[in-house]
Amino acid sequence: MSSFDGVADAYRRSFATLCAGTVPALLEATAPGRDHLDVGCGTGELAIAAAREGRRVLAVDPDADMVALTREAAASAGAALAVRQAGAPRLPVPDGSMEAVTANFVVNHVPDPRAMVRDLARVAAPSAPIAMTIWPAAPGPHLAAYGEASRAAGAVPVPSARLVPELDFPRSTDGLASIAREAGLQVGRAEELLWTWRVAADELMAGIAGGVGGAGRLHRAQTGAVRAEIEERVRRLWAPYVEADGTLAFPVSAALVVASRP
């Protein structure tokens, strides 16, 4: 489980662009749903893209800063959508009212993933697609490099944010599909998505230094000297991924499951 309290702007600068890599697949998986609920909207990329397709979008996120960023981004893009501070498993939506439901990298962050998926099932209309993504258990190369750099720098460990075993689930396509079925959903698609994430090294480092995710929690817990050594080491480890224009290009993957109520 992880929290985004106080790190919304750092997330916007960095990992939001990573999470946006699945937006086309999620839109395709939920077409042509008219009434669209985006759960855990983050900085709004998916919700705004859905609104641009002519969908009536309600975007929700439990973090007030994320809600503010989504509203700001929607206004700048001229996208008409409703944004509310809320989250599963207490979604402020009537039973069976949504024709499309998305949860982009949300199930892997909540205290009770199964309760969340049950709430997604509750609000979806019969046969309406519910499209969910999670990160796989193995970290991408950007985070694997950070882990290697932090160990080499002698970073002090932080308490684990993993769920207790009875609430956790395998972080894989099959694992996500299994909790969808436990919620009474029929799984139509369960597959791995692959893409290349392009990001400036300074922006990625700003996200980590800003406290995003497990790497961010670890980074913030270190002394200034250790943080500086980690950054020096990880930038060297990222060097093989630098393209001609200086941008980093990481191959990344995610698990996608699309399910529906019978």
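# A tour by selection

Start in helix α1 (residues 8-13), where Asp9 and Arg12 both lie, 3 residues apart, about one turn of the helix. The model on screen is predicted.

**Stop 1: the pair in α1**

Show the side chains of Asp9 and Arg12. They form a salt bridge, and the closest N and O atoms are 2.8 Å apart. Asp9 counts as partly exposed, at 42% relative accessibility. Arg12 also counts as partly exposed, at 38%.

How many salt bridges does a search of the whole structure find? The search finds 16. The next three stops pick out others.

**Stop 2: from α8 to α6**

Select Glu182 and Arg114. Their side chains meet in a salt bridge, 2.9 Å from N to O. This pair links distant parts of the chain. Glu182 sits in helix α8 (residues 173-182) and Arg114 in helix α6 (residues 113-123), 68 residues apart.

Now turn on the surface. Which partner is buried and which is exposed? Glu182 is exposed, because its relative accessible area is 51%, and the cut-off for exposed is over 50%. Arg114 is buried, with a relative accessible area of 19%; buried means under 20%.

**Stop 3: one turn of α11**

Move to helix α11 (residues 224-238) and select Arg233 and Glu229. A salt bridge joins Arg233 to Glu229, with the closest N and O atoms 2.9 Å apart. The two residues are 4 residues apart in the helix, so about one helical turn separates them. Both ends are partly exposed: Arg233 has a relative accessible area of 27%, and Glu229 has 30%.

**Stop 4: a network**

Select Glu28, Arg189 and Glu191 together. These residues are linked in a network of salt bridges.

**Stop 5: a loop against α11**

Go to Ala153, in the loop between α7 (141-152) and α8. Is Ala153 buried or exposed? Ala153 is buried, with a relative accessible area of 11%.

Select what Ala153 touches, leaving out residues up to four places away in sequence. The contacts are Val226, Glu229, Ile230 and Arg233. Glu229 and Arg233 are the salt-bridge pair from α11. Add a distance label from Ala153 to Ala228, C-alpha to C-alpha: it should read 9.2 Å. In sequence, Ala153 and Ala228 are 75 residues apart.

**Stop 6: the cores**

Next, select Leu81, Trp197, Leu204 and Trp238. They belong to the largest nonpolar core, which has 57 residues, and they touch the most other members. Another core lies apart from that one. It has 34 residues, among them Leu91, Val110, Met116 and Ala177.

Go back to Trp238 and show its contacts beyond four places in sequence. They are His142, Ala145, Ala201, Leu204, Met205, Ile208, Leu248 and Phe250.

**Stop 7: aromatic rings**

A search of the whole structure finds 6 aromatic pairs. Keep Trp238 selected and add Phe250. The ring centres are 6.4 Å apart and the planes stand at 70°, so the pair is edge-to-face. Trp238 lies in helix α11 and Phe250 in strand β7 (residues 248-260), so the pair ties together parts that are 12 residues apart in sequence. Trp238 and Phe250 are both buried.

Widen the selection to Phe15, Trp197, Trp238, Tyr241 and Phe250. These residues form one aromatic cluster.

**Stop 8: Asn104 and its neighbours**

Jump to strand β4 (residues 100-104) and select Asn104. Asn104 is buried, with a relative accessible area of 12%. What does a polar atom of the Asn104 side chain lie 3.0 Å from? The backbone oxygen of Cys19 is there.

Display the contacts of Asn104, again leaving out residues up to four places away in sequence. Asn104 touches Cys19, Thr22, Leu26, Val39, Gly40, Leu46 and Thr133.

**Stop 9: two cysteines**

Finish with disulfides: the structure holds 0. Cys19 is in no disulfide, and the nearest cysteine sulfur, in Cys41, is 12 Å away. Why is there no bond at Cys41? Its closest cysteine sulfur, in Cys19, is 12 Å off, too far for a bond; a disulfide needs sulfur atoms within 2.5 Å. Cys19 is buried, at 11% relative accessible area. Cys41 counts as buried too, at 7% relative accessibility.

Notes
Residues are numbered from 1 along each chain as its sequence is written. This is a predicted model: local features need pLDDT of at least 70, side-chain atom pairs count only at pLDDT 80 or more; totals for chains, interfaces and linings use all residues. Side-chain values use heavy atoms; hydrogens and water are left out. A nonpolar core is a set of buried Ala, Val, Leu, Ile, Met, Phe, Trp, Tyr and Cys residues joined through side-chain atoms within 4.5 Å. Buried means under 20% relative accessible area, exposed over 50%, partly exposed in between (1.4 Å probe, protein chains only). Contact means heavy atoms within 4.5 Å. A salt bridge is a side-chain nitrogen of Lys or Arg within 4 Å of a carboxyl oxygen of Asp or Glu. Rings of Phe, Tyr and Trp (its six-membered ring) pair if their centres lie within 6.5 Å; planes under 30 degrees apart count as stacked, over 60 as edge-to-face and the rest as tilted. A polar contact is a pair of N or O atoms within 3.5 Å; within protein, one must be able to donate a hydrogen and the other to accept it, and residues adjacent in sequence count only if both atoms are side-chain atoms.
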